[in-house]
Structure formats: C-alpha cells, structure tokens
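Here is a short briefing for a reader new to this structure. Please look over the sequence and the model before reading on.

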Amino acid sequence: MENDNKSFWQRFAKLYSPIMEKSSSRLYRDICDRIRPELNRQMNVLELACGTGQLSYPLSGRVRLWEATDFSEAMIAEAKKKNTSRRLHFSVQDATALPYAPESFDAVVISNALHIMPHPEKALSEIRRVLKPGGALFAPTFIHGESTGFRLRVKLMELAGFHTYHKWNAEEFMAFIARHGFEVIHQETLGGSLAPLSYLAARK
C-alpha cells in the first residue's frame, strides 16, 4: 500500500505504546467497552492497523481467533513482544490486498486508519470480501475538529512527518462507509475537542 505515513510509523513504533497509554488510554477503553459486548467465543476476527495491540490485547480473549495485522513491520515487531495467547496472531499485511479467503471472518476491526490511507475505499472493498454475510465492521476513526487545539495538534503531527488524507466530520464519515456497501448501525462521537473520534459500527 503506497502511504507516505509508513516511514513515520516505522520510526515511531517503539514510542507508540507508551504515548497511547498516556494520552489515549481512556479513549481506547471506551472503544473496547463498546466492541466487547458484540464479540463471542465462536467468532474469528480480523484487525487491520492494529499498531502495537491497543485493541488486540483487551479484546482477543473474547473470541476464537483474532488476526491482528498492520502494514508497519516495526509496529508488529513491538506488538509481538507481549503476546502469550494462542488465539492472538500478529502479522504484517496490506489492508488493501489481504491474503485471506472470501467470507473468512465474522468481524473486522479497523481503528484510526481509514483517514490516513490514500485509498481507503480499497480497504473497505477488501473488508467486504473477507467478511461473512452479515459480518460486523467496527471502524472507530478520528474525525476533523474545529478547535484551535485540534488544528495545532494536526500541524505538529504534519511537521513530524504524519499525513492525514481525509478530513471527515462524523456525518461525512458515516456517508463514506455507507457508500461502500455497509449498513451503519451505530455511531457516536467520543473524545474531546482535541481528538474527536467517531465510533462507528456497521454490517455487511
């Protein structure tokens, strides 16, 4: 997947977990609290853009199999260091060209990634392909804010080499998901003005 952010994540991988634990731990707990009740022991789940496992570790114990993937080799290397579960597997994969057979998964999780992909529609096409009929998509995604603090945060990240390709608000993000073949069943905005996030759940 062509993405200018890849080198950023390669450099940033070792710092990612401690930064997320300090700055976004409450937000990730809120995401887990919403996804967890939708999971069960019979499910096979695919996670795209797993980072170092902020969702993988808290949620994988609820399901039969959790395939956690990321396009950054460095992120996966960091994630694997903590793994002791036989039901949790980490691998490097391109979300726009997945190796899995059609209708392999009961659910797909992709957190905070679609807005930083040059072609997120390709990822959604692959997600539809690998999801079983009626399968669930959980796509919590940072959305565009209007506060001064938000704009400053984005500017600093861009100076560090991070690039956002899509600046959706909540309504635009829901419309984007719906246009690509999913039925949005739940959306709410989490986080504050500095880092607003659209928690979105949909079905194939």
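Leaving aside its neighbours within four places in sequence, which residues is Ile-35 in contact with? They are Leu-59, Val-109, Phe-138 and Tyr-199. Keep in mind that this is a predicted model. The chain has 7 helices and 8 strands. Of its 204 residues, 49% are buried. Among contacts with a separation of 6 or more, 67% join residues 24 or more positions apart.

**The nonpolar cores**

- The largest nonpolar core has 28 residues. Ile-35 is one of those with the most contacts inside this core, along with Leu-39, Val-45, Trp-66 and Phe-138.
- Several elements each supply at least two residues of this core. The helices among them are H2 (25-35) and H4. The strands are S2 (65-70), S3 (88-92), S4 (105-110), S5 (131-138) and S8 (197-203).
- H2 gives the most to this core, with 5 residues.
- A second core is separate and has 25 residues. Leu-46, Phe-105, Ala-113 and Trp-168 are included in this second core.

**Strands S2 and S3, with helix H4**

- S2 and S3 run parallel and are joined by 5 bridges. Within this pairing, Glu-67 stands opposite His-89 in S3.
- Together, S2, H4 and S3 make a β-α-β unit, and the unit is right-handed.
- H4 spans residues 73-80. Its buried residues are Met-75, Ile-76, Glu-78 and Ala-79. Seen down the axis of H4, these buried residues fall within an arc of 160°, so they line one face of the helix.
- An α-helix has 3.6 residues a turn, so residues three or four places apart point the same way.

**Thr-69, a buried residue in S2**

- Thr-69 is found in strand S2. Is Thr-69 buried or exposed? Its relative accessible area is 1%, so Thr-69 is buried.
- Leaving aside neighbours within four places in sequence, Thr-69 is in contact with a run of residues from Leu-46 through Glu-47, Leu-48 and Ala-49 to Cys-50. Its other contacts of this kind are Ile-76, Ser-91, Gln-93 and Tyr-100.

**Helix H5**

- H5 covers residues 120-130. Its buried residues are Pro-120, Ala-123, Leu-124, Glu-126, Ile-127 and Val-130.
- Seen down the axis of H5, the buried residues fall within an arc of 160°, so they line one face of this helix.
- What do the buried residues of H5 pack against? They pack against strand S1 (44-48), S4, S5 and helix H7 (170-179).

**Val-108, a buried residue in S4**

- Val-108 is found in strand S4. With a relative accessible area of 0%, Val-108 is buried.
- Leaving aside neighbours within four places in sequence, Val-108 is in contact with Leu-46 and Leu-48. Further contacts of Val-108 include Ile-127 and Val-130. Leu-131, Ala-136, Leu-137 and Phe-138 are in contact with Val-108 as well.
- Val-108 and Leu-48 are 60 residues apart along the chain. Their C-alpha atoms are separated by 7.5 Å.

**Two residues with positive phi**

- Ala-49 lies in the loop between S1 and helix H3 (56-59). Its phi is near 55°, a positive value in a residue other than glycine. At 27% relative accessibility, Ala-49 counts as partly exposed.
- Glu-103 has its place in the loop between S3 and S4. Its phi is also positive, at about 55°, although Glu-103 is not a glycine. At 44% relative accessibility, Glu-103 counts as partly exposed.

**Cysteines**

- How many disulfides does a search of the whole structure find? The search finds 0.
- Cys-32 has 4% relative accessibility, under the 20% cut-off, so Cys-32 counts as buried.
- Cys-50 counts as buried too, with a relative accessibility of 4%. Cys-50 is also one of the contacts of Thr-69.

How values were computed
Residues numbered from 1 in each chain as written. Predicted model: local features only at pLDDT ≥ 70, side-chain atom pairs only at ≥ 80, totals over all residues. Heavy atoms only, no water. Buried < 20%, exposed > 50% of the residue type's maximum accessible area, 1.4 Å probe, protein only. Helix = DSSP H or I, 4+ residues; strand = E, 2+ residues; numbered from the N terminus. Arc of directions from axis to C-beta. Core = buried A, V, L, I, M, F, W, Y, C linked by side-chain atoms within 4.5 Å. Contact = heavy atoms within 4.5 Å. Disulfide = S-S within 2.5 Å. Pairing = 2+ DSSP bridges. Right-handed = clockwise from strand over helix to strand, strands pointing away.
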